[in-house]
Amino acid sequence: MIDSNCAYCVEGELVAKFGIKICELDATKVYLFKEQSHKGRVIVASKHHVSEMIELSEQERNAFFADVNHVAEAIHKAFSPDKVDYGAYGDTGHHLHFHLVPKYQEDPFEWGSTFAMDPKQKTLTDAEYNEIITALKKYL
């Protein structure tokens with residue numbers, strides 16, 4: 001099922017407001033989050049338009065989490081964060097997706113606390129976004 005109001009289903013301008021598509025994996029689409037207060041922050045969205053993971057079959061759910069794990073490994077290899085935080089929200093956007101947020105001890109911003117959905121602290125140039133995407137794609 002595709003929802004014509006869902007950014008992850010229709011992509012284009014709806015996704016461009018907050019993200020840049022990096023790639024598609026077996027069960028997910030991966031987007032660089034434009035707000036980069038945490039270098040390498042991405043969104044991993046299911047290819048299925050479901051609100052809850054319980055709506056996926058066991059096989060689909062396992063494939064989704066295998067992709068989340070794969071992206072987390074890529075973040076660790078590309079940027080060496082001290083921790084990757086995971087957030088699965090969806091109160092307003094009813095499409096299963098995880099935020100993967102690298103955290104760095106040397107950067108005190110939000111270390112030891114929950115990350116903000118959109119802190120509006122740091123956006124980058126197109127060249128800087130491309131540099132992060134290129135670093136991640138080496139491992140994806």
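1. A small detail to begin with: a polar atom of the D3 side chain lies 2.7 Å from the backbone nitrogen of N5. Please keep in mind throughout that this is a predicted model. D3 sits in the segment before helix α1, which covers residues 7–10. With a relative accessible area of 26%, D3 is partly exposed.

2. Staying with D3, which residues does it touch once its neighbours within four places in sequence are left aside? They are C9, V10 and H49. There is also a long-range relation to look at: D3 and H95 are 92 residues apart in sequence, yet their C-alpha atoms are 9.2 Å apart in space.

3. H49, one of the contacts of D3, belongs to the loop between β3 and α3. Is H49 buried or exposed? Its relative accessible area is 13%, so H49 is buried, the limit being under 20%. The side chain of H49 also makes a polar contact with the side chain of H95, at 3.0 Å. If you colour D3, H49 and H95 together, you can follow both the contact of D3 with H49 and the polar contact of H49 with H95.

4. Next, the cysteines, which a bench reader may well ask about. How many disulfides does the model hold? The count comes to zero. C6 is in no disulfide, and the nearest cysteine sulfur to its own is that of C9, 3.8 Å away. For C9 the nearest cysteine sulfur is that of C6, and C9 is likewise in no disulfide. The pair is not counted because the sulfur atoms would have to be within 2.5 Å. C6 is buried, with a relative accessible area of 8%, and C9 is buried too, at 17%.

5. Now the sheet. It is open, has five strands in the order β1-β2-β3-β5-β4, and its pairing is antiparallel. Why do β1 (19–24) and β4 (83–87) each have one side without a neighbour in the sheet? They stand at the edges, and each has a single partner strand, so one side is left free of a neighbour. From one strand to the next, the twist averages 25 degrees.

6. Looking inside the sheet, β3 (residues 42–46) and β5 (residues 97–103) pair in the antiparallel sense over four bridges. A handy place to find this pairing on screen is A45, which stands opposite H97 in β5.

7. Two helices pack on the sheet. Helix α3 (residues 58–79) touches β2 (28–33), β3, β4 and β5, and its direction makes about 20 degrees with that of β5. Helix α4 (residues 126–137) touches β1, β2 and β3, and its direction makes about 20 degrees with that of β1.

8. F33 is a good residue to click on in strand β2. At 5% relative accessibility, F33 counts as buried. Beyond its neighbours within four places in sequence, F33 is in contact with F18, R41, V42, I43, H99, M117 and D118. F33 and T123 are 90 residues apart along the chain, and their C-alpha atoms are separated by 9.4 Å.

9. On the aromatic side, the structure holds six aromatic pairs. One of them joins F64 and F65: the ring centres are 5.3 Å apart and the planes stand at 85 degrees, so the pair is edge-to-face. F64 counts as buried at 1% relative accessibility, whereas F65 is partly exposed at 30%.

10. Another edge-to-face pair is made by Y89 and F115, with 6.2 Å from centre to centre and 70 degrees between the planes. Where do these two rings come from in the chain? Y89 is in the loop between β4 and β5, and F115 is in the loop between β5 and α4, so the pair links distant parts of the chain, 26 residues apart. Y89 is partly exposed, with a relative accessible area of 38%, while F115 is buried, at 6%.

11. Last, an aromatic cluster: Y8, F18 and Y31 form one together. F18 will be familiar from point 8, where it appears among the contacts of F33.

How values were computed
Residues are numbered from 1 along each chain as its sequence is written. This is a predicted model: local features need pLDDT of at least 70, side-chain atom pairs count only at pLDDT 80 or more; totals for chains, interfaces and linings use all residues. Side-chain values use heavy atoms; hydrogens and water are left out. Two strands pair if DSSP finds at least two bridges between them. Axes are lines fitted to C-alpha atoms, for helices over the stretch in contact, and angles run from 0 to 180 degrees between N-to-C directions. Contact means heavy atoms within 4.5 Å. Buried means under 20% relative accessible area, exposed over 50%, partly exposed in between (1.4 Å probe, protein chains only). A polar contact is a pair of N or O atoms within 3.5 Å; within protein, one must be able to donate a hydrogen and the other to accept it, and residues adjacent in sequence count only if both atoms are side-chain atoms. Rings of Phe, Tyr and Trp (its six-membered ring) pair if their centres lie within 6.5 Å; planes under 30 degrees apart count as stacked, over 60 as edge-to-face and the rest as tilted.
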